[in-house]
Amino acid sequence: MWGLLFLGAIASADNLVEGDRIRIHYNDYGTWNSGSYGEGFQMGPYEGGWRDVTFAGSPWQQISFAWDQGGSSHDYKGNYSSGSWGWSMEDATDMSADGFNEMLHRWRMGDLEVVKTEAWATPDQVMLISFRITNNGGSTATNLRIMHAVDPDQ
């Protein structure tokens, strides 16, 4: 059994999480690239500042979930480029503390609850992205497919 402990404060969905080498501007639906900030996933700092490696090209970040349940097929997609998201945002929580950056987004997709976690240590250039999926429906979800794609625009 897995448990999830929320220690950080609830954050607005459109926000910035910043370390020494990685910073991400999230939009209201929990994917990279924020219209408010005009930036997305950045690395640096380099001479001249941060380098945005996902903004303003297309498709930036695409996340898709598909599965079968109760005799029906379900498909939820999110893409900043097209400005469409199939899920509803439940909440966003910035869990960053003590040199560790972590952002959680909780999404509702029909009977499924999906928690996307992105985490990295402050001095690092490596990020862990994970998904925790909970089926809150009365029938089994089968044939689950997840796609997480990024179009880097260095």
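Trainee: In β3, which residue is the bridge partner of L16?
Mentor: This is a predicted model. Strand β2 covers residues 15-18 and runs antiparallel to β3, with 4 bridges joining the two. A hairpin of 3 residues connects β2 to β3. Within β3, L16 has as its bridge partner H25.

Trainee: Which residue in β4 does R23 stand opposite?
Mentor: Strand β4 spans residues 41-46. β3 pairs with β4 in the antiparallel sense, over 3 bridges. In β4, the residue opposite R23 is Q42.

Trainee: How many of the residues of β3 are buried?
Mentor: Strand β3 takes in residues 22-26. Take one side: I22, I24 and Y26 are buried. Take the other: R23 and H25 are buried too. The strand is mostly covered, and the count of buried residues is 5 of 5.

Trainee: Why do the residues of a strand get split between two sides?
Mentor: Side chains in a regular strand alternate between the two faces of the sheet, so neighbours fall on opposite faces. In β3, one side holds I22, I24 and Y26. The residues on the other side are R23 and H25.

Trainee: R23 and E18 meet in a salt bridge; what is the N to O distance?
Mentor: The contact joins the side chains of R23 and E18. A salt bridge needs the nitrogen within 4 Å of a carboxyl oxygen. Here the N to O distance is 3.4 Å.

Trainee: Is E18 buried, partly exposed or exposed?
Mentor: Buried means under 20% relative accessible area, and exposed means over 50%. R23 has 15%, so R23 counts as buried. E18 has a relative accessible area of 39%, so E18 is partly exposed.

Trainee: Why does R106 count as buried?
Mentor: R106 forms a salt bridge with E113, with the closest N and O atoms 3.4 Å apart. E113 is buried, with a relative accessible area of 13%. The cut-off for buried is under 20%. R106 counts as buried because its relative accessibility is 13%.

Trainee: Which residues are linked with R106 and E113 in a network of salt bridges?
Mentor: The search of the whole structure finds 7 salt bridges. One of them joins E113 to R106. The network links these two with E90, D91 and R108.

Trainee: With which residue does K116 form a salt bridge?
Mentor: The closest N and O atoms of this pair are 3.3 Å apart. Both K116 and its partner are buried. That partner is E118.

Notes:
Residues are numbered from 1 along each chain as its sequence is written. This is a predicted model: local features need pLDDT of at least 70, side-chain atom pairs count only at pLDDT 80 or more; totals for chains, interfaces and linings use all residues. Side-chain values use heavy atoms; hydrogens and water are left out. Buried means under 20% relative accessible area, exposed over 50%, partly exposed in between (1.4 Å probe, protein chains only). Two strands pair if DSSP finds at least two bridges between them.
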